[in-house]
Amino acid sequence: MPADQATPIFRTEEELARLPASDRIRYRLIGAQCRYHANDNIAGFIEDGEIDELKAEVTAKMQEVLRALVIDTDSDHNTQETAKRVAKMFINEVFVGRYTPMPAVTEFPNFSRLNELMIVGPIKVRSACSHHLCPILGKVWIGVLPNEFSNLIGLSKYARICDWIMSRPQIQEEAVTMLANELQERVKPDGLAIVMEADHFCMHWRGVKDDESMMTNSVMRGAFLKDANLRREFLSLLSKKNGN
């Protein structure tokens, strides 16, 4: 069994304070028996000031990676600050969905009892492949069939939730499912449909180096799964939005 999967040994606050921030956060996660995969949000286990400590740790480790790549960061003016830049980019930007809480989303009761199909998109999304940490750039369309008990959220909130979910290392199939779970829980519609289309730079930049391939996948819930006509209506409207 890997060491970081075992039940942690009890430590005093003084002992914990002497550990690197990553070890303290990991200690709390393991103690709570909480998963911390690349696409998991761990914000609830991070205390004040630890984000800055994490960035300093990542900077130091990234500096060692550059050294192992035999890059002379002392003499090369282009890479002297690279480790620091990469640490900031990972934690504050491209993986920020792991380290920050869910953005505030105001929900409104469905006073007008809206029950017609609503489509939001395309929402531009940016993520990263958890296999190679290469960019994933794409678009998401969301179809919602509300009922009188649904919660309504503003259009910009769909984009905020998408960004929060996508800003983590992951695979596209899991990202779309996580987004569907979050929206299903918040909006509580009769039906929910999500389609994502994206370029994967692990295909463009490495391996087969195919510049044309894109990946499209979908998740259908409730009425969209059961009603073929509703599903066709949603997908046909997406085709028109794409100019097809």
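K188 sits in the loop between helix 7 and strand 6, where helices (H or I, at least four residues) and strands (E, at least two) are DSSP runs numbered from the N terminus. This is a predicted model, so local features need pLDDT of at least 70 and side-chain atom pairs count only at pLDDT 80 or more, while totals for chains, interfaces and linings use all residues. Residues are numbered from 1 along each chain as its sequence is written, and side-chain values use heavy atoms, with hydrogens and water left out.

**Backbone oddities**

Back to K188: its phi is positive, about 55 degrees, although the residue is not a glycine. K188 counts as partly exposed because its relative accessibility is 42%; the cut-offs are under 20% relative accessible area for buried, over 50% for exposed and partly exposed in between, with a 1.4 Å probe and protein chains only.

L133 also has a positive phi without being a glycine, near 60 degrees. L133 lies in the loop between strand 2 and strand 3, a hairpin with 5 residues between the strands. At 45% relative accessibility, L133 is partly exposed. Then there's Q33, just after helix 2, with a positive phi of about 55 degrees.

The backbone has a cis peptide bond to look at too: the one from G121 to P122, with omega near 0 degrees. P122 belongs to strand 2.

**The sheet**

Strand 2 is part of an open sheet of 5 strands, ordered 5-2-3-6-7 with mixed pairing. Two strands pair here if DSSP finds at least two bridges between them. The edges are strand 5 (169–170) and strand 7 (215–222), each pairing on one side only. Here are three of the pairings, each with an example of bridge partners or opposite residues.

| Strands | Bridges | Direction | Example |
|---|---|---|---|
| strand 2 and strand 5 | 2 bridges | parallel | A128 with P169 |
| strand 2 and strand 3 | 9 bridges | antiparallel | R126 opposite L137 |
| strand 3 and strand 6 | 10 bridges | antiparallel | G143 with A193 |

Strand 3 has 8 of its 11 residues buried, so it is largely enclosed by the rest of the structure.

**Packing inside**

In soluble globular proteins, nonpolar side chains tend to be buried together. The largest nonpolar core in this model has 30 residues, and those with the most contacts inside it are V140, I142, Y158, L179 and L183. A nonpolar core, for the record, is a set of buried Ala, Val, Leu, Ile, Met, Phe, Trp, Tyr and Cys residues joined through side-chain atoms within 4.5 Å. Strand 2 (118–129), strand 3 (135–145), helix 6 (155–166), helix 7 (172–187) and strand 6 (191–200) each put at least two residues into this core. Apart from this core lies another, of 16 residues, with A83, V86, F95 and A128 among them.

What does L183 touch, leaving out residues up to four places away in sequence? Its contacts (heavy atoms within 4.5 Å) are I142, I153, Y158, I161, K188, P189, L192 and I194. K188, the loop residue with the positive phi, is thus one of the residues touching L183.

Helix 2 (residues 21–31) is largely enclosed by the rest of the structure, because 8 of its 11 residues are buried. Those buried residues are A21, S22, R24, I25, Y27, R28, L29 and I30, and they pack against helix 1 and helix 3.

**Out on the surface**

Helix 3 (residues 50–68) holds V65, which is partly exposed with a relative accessible area of 40%. Along with L69 and I71, V65 forms a nonpolar surface patch, with about 240 Å² of accessible area together. Patches are made of residues with over 30% relative accessible area and no salt bridge, joining like charges within 9 Å and nonpolar side chains (Val, Leu, Ile, Met, Phe, Trp, Tyr) within 5 Å. A salt bridge is a side-chain nitrogen of Lys or Arg within 4 Å of a carboxyl oxygen of Asp or Glu. The areas come from the Shrake-Rupley method with a 1.4 Å probe, and for residues only the protein chains shown count as cover.

Helix 1 (residues 13–18) contains E14, which is exposed at 57% relative accessible area. From E14 to R186 the separation is 172 residues in sequence and 40 Å in space, C-alpha to C-alpha.
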